[in-house]
Amino acid sequence: MKKILLVGAVSCGKTTLCQKLNGLRQEYRKTQALEVVNHTIDTPGEYLEHRSYLRNLMVTATGTELVLFLIDPTQERYMYSPGQAAAFMLPVAGVVTKADLATPEQLARARELLELAGAEPVFTVSSVDGTGMDALTAFLSAEADLTKCTD
């Protein structure tokens, strides 16, 4: 599996996805600091929510192969800037979480917002019921070249 960095707002599902990807028992706990679990780096939501911490995300990303921007479609706030993926010098994919709780309209809006941030591809998953996890894990396991083209 690729070494990945999970980025997203507080309570968007980063830790739950990390647990699911790594075959761990799912239990809610607030991530207080960077946590490395196998090839996954789980970050506190505050790293995205407080602009003074954004550099921490970019520095941490240098040791990874892929950044995953996560978004909870049931939340009304949006934390990514348009084109924010370009701040990372490696590929950025998107993950719409909590597919089991959101309406189709919320899922579509969240997907659109991740695409606006520059995340590609975008996956829709539920770490609780497993929706979309096969496609995401196949992508993370693929040996495809993830070199980001820069113009």
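Select Arg111 first: with a relative accessibility of 30%, Arg111 counts as partly exposed, a class that lies between buried (under 20% relative accessible area) and exposed (over 50%), as judged with a 1.4 Å probe on protein chains only. The model is predicted, so local features need pLDDT of at least 70 and side-chain atom pairs count only at pLDDT 80 or more, while totals for chains, interfaces and linings use all residues. Residues are numbered from 1 along each chain as its sequence is written, and side-chain values use heavy atoms, with hydrogens and water left out.

Now add Glu115, whose side chain meets that of Arg111 in a salt bridge at 3.8 Å, N to O; the term requires a side-chain nitrogen of Lys or Arg within 4 Å of a carboxyl oxygen of Asp or Glu. Both residues lie in helix α4, 4 residues apart, about one turn of the helix, where helices are DSSP runs of H or I with at least four residues and strands are runs of E with at least two, numbered from the N terminus. Glu115 is likewise partly exposed, at 46%.

The count of salt bridges comes to 3. For another, select Asp72 and Lys98, whose closest N and O atoms are 3.0 Å apart. Asp72 sits in the loop between β4 and β5 and Lys98 in the loop between β5 and α4, so the pair ties together parts that are 26 residues apart in sequence. Asp72 is buried at 4% relative accessibility, whereas Lys98 is partly exposed at 23%.

Move next to strand β4, residues 66-71, where 6 of the 6 residues are buried, so the strand is largely enclosed by the rest of the structure. Leu66, Leu68 and Leu70 point one way, and Val67, Phe69 and Ile71 the other. Show β1 (residues 4-7), which runs parallel to β4 and is joined to it by 4 bridges, with Val7 opposite Phe69; strands pair if DSSP finds at least two bridges between them. Strand β5 (residues 92-96) also pairs with β4 in the parallel sense, over 5 bridges, and there Leu70 stands opposite Val95.

Leu70 leads on to the largest cavity, whose lining also includes Ile71, Asp72 and Arg77; a cavity is a set of points on a 1 Å grid over the protein atoms alone where a 1.4 Å probe fits but cannot get out, and lining residues have an atom within 4 Å of a point.

Finish at Arg77, which is partly exposed at 37% and whose side chain meets that of Glu49 in a salt bridge of 3.0 Å, N to O.

Methods:
1 Å grid on protein atoms, 1.4 Å probe; cavity = no way out; pocket = protein on both sides within 12 Å on 5 of 7 lines; lining within 4 Å.
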